[in-house]
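Please open the structure in your viewer and keep the selection tool at hand, since this tour goes from one selection to the next.

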Amino acid sequence: MLDTYASLGFSTVVATPHVTIEDIGYQGSISDDLMRQVRPATTAFSISIQRAGEIRLDPGIAAEPHLLRGYTLDGSRYLLVDFSSGSWPFYAEDTLFQIQMQGFTPILAHPERYGWSTDQRYLATDLVSRGVLLQVTLGSMTGTFGKSAAMNARALLQAGLVHVLASDAHGPGTRLTAAGRGIEWTIKHYGEDAIEQFLIDAPKRILASEQVGPFVPAHRTGWQSTLRNLWPF
Ligand SMILES: [Fe+2]
């Protein structure tokens with residue numbers, strides 16, 4: 001994974017193991033021992049690893065904020081959160097609000113994969129206006145998670161509702177190699193500026209607990225404007 005990250009030009013990787021409500025308080029992020037074990041490899045590839053978690057949202061998840069604090073992105077105020085793919089549970093908005101009330105800024109992972117084929121479809125504009133950040137997976141841009149996710153990812157980007165892009169890699173396989181194609185796709189359609197914003201500026205600001213706004217694409221072609229009208233964000 002480090003080899004691929006280095007070849008794609010990454011210098012920092014934030015490791016975000018999945019954390020459920022059952023894990024909280026029992027399983028932290030990456031242990032000190034594991035960090036020590038990987039250090040020779042990270043040094044060899046000149047990549048630094050930061051620790052965090054990807055919190056599976058649940059109605060009771062915000063009850064113990066002191067436990068959630070151990071999973072923020074490198075100790076910042078940002079907390080990466082998700083629901084299971086294909087769903088948008090009835091408690092989604094309320095749980096995100098509870099997280100915010102505890103002083104965290106939620107970054108919602110892979111919004112392009114939630115409830116788009118069901119009546120539970122959420123409105124991304126509502127989430128963004130309420131201060132939730134959206135993190136789209138790079139591989140989604142080029143279809144790694146199917147046509148629907150690709151359409152949604154591209155439309156979210158086009159609508160200026162994306163704050164940050166991420167590999168969401170779980171190993172050295174498909175998702176990680178797809179990240180490279182996602183970067184190429186984004187450069188081709190939105191230029192180097194977009195990648196600089198999504199993969200350099202926004203992540204830096206997040207790790208420093210600074211404010212991050214969504215990136216509004218500078219150029220919109222005719223078919224992309226049409227697509228935007230078809231998808232009511
Ligand atoms: Fe996830």
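Begin by selecting strand β7, residues 133-137 (helices, H or I, of at least four residues and strands, E, of at least two are DSSP runs, numbered from the N terminus): 5 of its 5 residues are buried, so the strand is largely enclosed by the rest of the structure. Here a residue is buried if 20 or more other C-beta atoms, placed from the backbone, lie within 10 Å of its own. Residues are numbered from 1 along each chain as its sequence is written. This is a predicted model, in which local features need pLDDT of at least 70 and side-chain atom pairs count only at pLDDT 80 or more, while totals for chains, interfaces and linings use all residues.

Now show the side chains of β7: Leu 133, Gln 135 and Thr 137 are buried on one side, and Leu 134 and Val 136 are buried on the other, which leaves both faces covered.

Next, add strand β6, residues 105-109, which pairs with β7 in the parallel sense over 3 bridges (two strands pair if DSSP finds at least two bridges between them). Within this pairing, Ile 107 stands opposite Leu 133, and Leu 108 has Leu 134 as its bridge partner.

Then select strand β8, residues 164-166, which also pairs with β7 in the parallel sense over 3 bridges, with Gln 135 opposite Val 164.

Finally, select the whole open sheet of 6 strands, whose order is β2-β4-β5-β6-β7-β8, with parallel pairing. At its edges stand β2 (18-19) and β8, each with a single partner strand, so one side of each is left without a neighbour in the sheet.

Conventions. Buried ≥ 20, exposed ≤ 12 C-beta atoms within 10 Å, placed from the backbone.
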